[in-house]
Amino acid sequence: MASSSIAATAPHGLVAAAEIHLAKERRLSLLALTSLIFFTTCGGAYGIEPLVGAIGPGLAVLFIVVTPFAWSLPMSLMVAELATMMPEEGGYYIWVREALGPFWGVQEAVWTISCGAALLAMFPVLFVSYLTYFVPSLSPASGILEPGISAFLRWLAAFLVVIVVTIINLRGSREVGISAKVGASIVLGAFCLLVFGWIVWGAGVGTSVRIVQADLATRRSGALLLAISYIVFNYSGWDNVSTYAGEVDRPKRNYPLAIGIAFVVVSLTYLLPVLAGISATTDPQVWSAEAGWPAIGRILGGRWMGAILAGAGMVSTWGLLNAQMLYVSRLPFVMAVDGWLPKALAKISPKTAVPKHAVICFCIITGVFVALPFGSLAVIQCLTYAGALVLEILALFVLRVRRPEAKRTFRIPGGWWGIGYVCLLPLAFSGLIVYATLRDWRSFPMQMSIVGASVVAGILLFFVRRKFAGASEAPAALPK
């Protein structure tokens, strides 16, 4: 049975969040958690293609090599420490709330929910892009259907994917974890086949290196904000895996292990396929969300390779959507437990601990957002995520200062030098995002309006609902 207690006090004076009690067989194992981290942060090299098209192969490879150490590794170390210190449902919302206070906790949650809504919509959009490999009439470039009919059919296909994923999430985190394990095997197998073909039949590593060197020697003028948005989209999400910590088996042991394994897999999953792909073509029209890996695979290994990558792309986006729905739906639940959102969102299933109302709400929101283009969604996701990440970094620093002796089964190595690495590099990366935003903001007026609305909504929510905060009851269990 699932239950929670918001009145409990954790060790060292930290207030515990809603506690989730699940039978061991319904909890996420190490392999399931690793697979979910893979799909929360990566899901294969799908989605990286527009980066190469936007800034060229040289800078793209440079971004792919540098970003894991400037962005992903600091985040993964932060998550490993804080998730083992407070392995509770709600993850970073709890960290920020305890370290910086309820106002910033609410802002963290609202910004992340906005980011999550954009992310949720990006994956069905990508799913339809890979589906067009098998159903060309869905492609806008085909000219087979009227533009309005084609757009409606793409939206309908994307929304149907959202509905099916919602049904799986309503069954529980165990079912999502099982699908993640199967999906990760298929996706990684497809890219291993691509890399194998590149080494055996392709131009080889030397050709890719020469292409990168030649492109870096050429001055390029690209859309910096769009490029950063793509790279942040592809390398983010490490903190998101913390929101369902209450549903993980032995979280203090399994989180550091799963994060470490996933970091290595994710880094190689981006680098090797991109090196293989640019040896076949550097055409920006091919390196795009519309063409992408199926077209690259067809050039490199023939139509059968393209079909395999297209099919694996559909599996990947399915798994990504599944994993994102799992983590983002836990935020409204925990906020409702704290009184910031209506009590209906705090209701959970007695058997699976699924916040069903929150999952259904995100299904509806995603159905609206899938009408937006992929690039627009990437910009919204990038800006809201950067703001939320800054709060999480500050929370890590504050908790180290205020609670240095709090029990942590994992501690960022290197003392304060290690903390400096974890905090300063993502902050510098976030500064680059701000610079790119100030430089390119006129090109994205609608996206900036949505981000601004998210910021205003977080502030208004705090002042409108603060008299209810802390006065809510423990979440009720839905009837079977």
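Gly306 is found in helix H11, and in this predicted model that glycine is buried, with a relative accessible area of 0%. Leaving aside residues up to four places away in sequence, Gly306 touches Tyr133, Pro294, Gly297 and Arg298. Gly306 and Leu194 are separated by 112 residues in sequence, yet their C-alpha atoms lie 9.6 Å apart in space.

The helix that carries Gly306 spans residues 303-328 and has 26 residues, reaching 37 Å from its first C-alpha to its last, which is close to the 38 Å expected at 1.5 Å a residue. Of the 26 residues of H11, 19 are buried, so the helix is largely enclosed by the rest of the structure.

**The chain as a whole**

The secondary structure comes to 16 helices and 0 strands. Buried residues account for 59% of the 480 residues in the chain. Among the contacts with a separation of 6 or more, 82% join residues that are 24 or more positions apart.

**The nonpolar core**

The largest nonpolar core holds 159 residues, and those with the most contacts inside it are Leu51, Tyr244 and Trp293. Helix H4 provides the largest share of this core, 19 residues. The surroundings of Tyr244 can be listed in more detail: not counting residues up to four places away in sequence, Tyr244 touches Leu28, Leu33, Leu36, Thr40, Glu89, Tyr255, Leu326, Tyr327 and Arg330. One of these partners, Thr40, is also among the residues that lie nearest the centre of the largest cavity.

**The largest pocket and the largest cavity**

A search of the whole structure finds 1 cavity of 30 Å³ or more. The volumes of the largest pocket and the largest cavity, and the makeup of their linings, are set out below.

| Space | Volume | Lining residues | Makeup of the lining |
|---|---|---|---|
| Largest pocket | about 640 Å³ | 27 residues | 20 nonpolar, 3 polar, 4 charged |
| Largest cavity | about 100 Å³ | 16 residues | 8 nonpolar, 8 polar, no charged |

The largest pocket has about 640 Å³ of space, and of the residues that line this pocket, the closest to its centre are Ser129, Thr132, Pro140, Arg154 and Glu290. The elements that give two or more residues to the pocket lining are helix H4 (102-131), helix H5 (147-171) and helix H10 (292-301). H4 gives the most to this lining, with 5 residues, and H4 is also the element that gives the largest share of the largest nonpolar core.

In the largest cavity, Thr40, Thr41, Phe123, Phe233 and Ser236 lie nearest the centre. At least two residues of the cavity lining are supplied by each of helix H1 (30-41), H4, helix H8 (224-235), H11 and helix H14 (374-402). H4 thus appears in the lists for both spaces, giving two or more residues to the lining of the pocket and at least two to that of the cavity.

**A buried charged residue**

Glu175 is found in helix H6, which covers residues 173-200. With a relative accessible area of 15%, Glu175 counts as buried, because the cut-off for that class is under 20%. Leaving aside neighbours within four places in sequence, Glu175 is in contact with Arg26 and Ile168.

Terms used
Residues numbered from 1 in each chain as written. Predicted model: local features only at pLDDT ≥ 70, side-chain atom pairs only at ≥ 80, totals over all residues. Heavy atoms only, no water. 1 Å grid on protein atoms, 1.4 Å probe; cavity = no way out; pocket = protein on both sides within 12 Å on 5 of 7 lines; lining within 4 Å. Points joined across faces, edges and corners; volume = space filled by probe spheres on them. Helix = DSSP H or I, 4+ residues; strand = E, 2+ residues; numbered from the N terminus. Nonpolar A, V, L, I, M, F, W, Y, C, P; charged D, E, K, R; others polar. Core = buried A, V, L, I, M, F, W, Y, C linked by side-chain atoms within 4.5 Å. Buried < 20%, exposed > 50% of the residue type's maximum accessible area, 1.4 Å probe, protein only. Contact = heavy atoms within 4.5 Å. Expected span 1.5 Å × (residues − 1).
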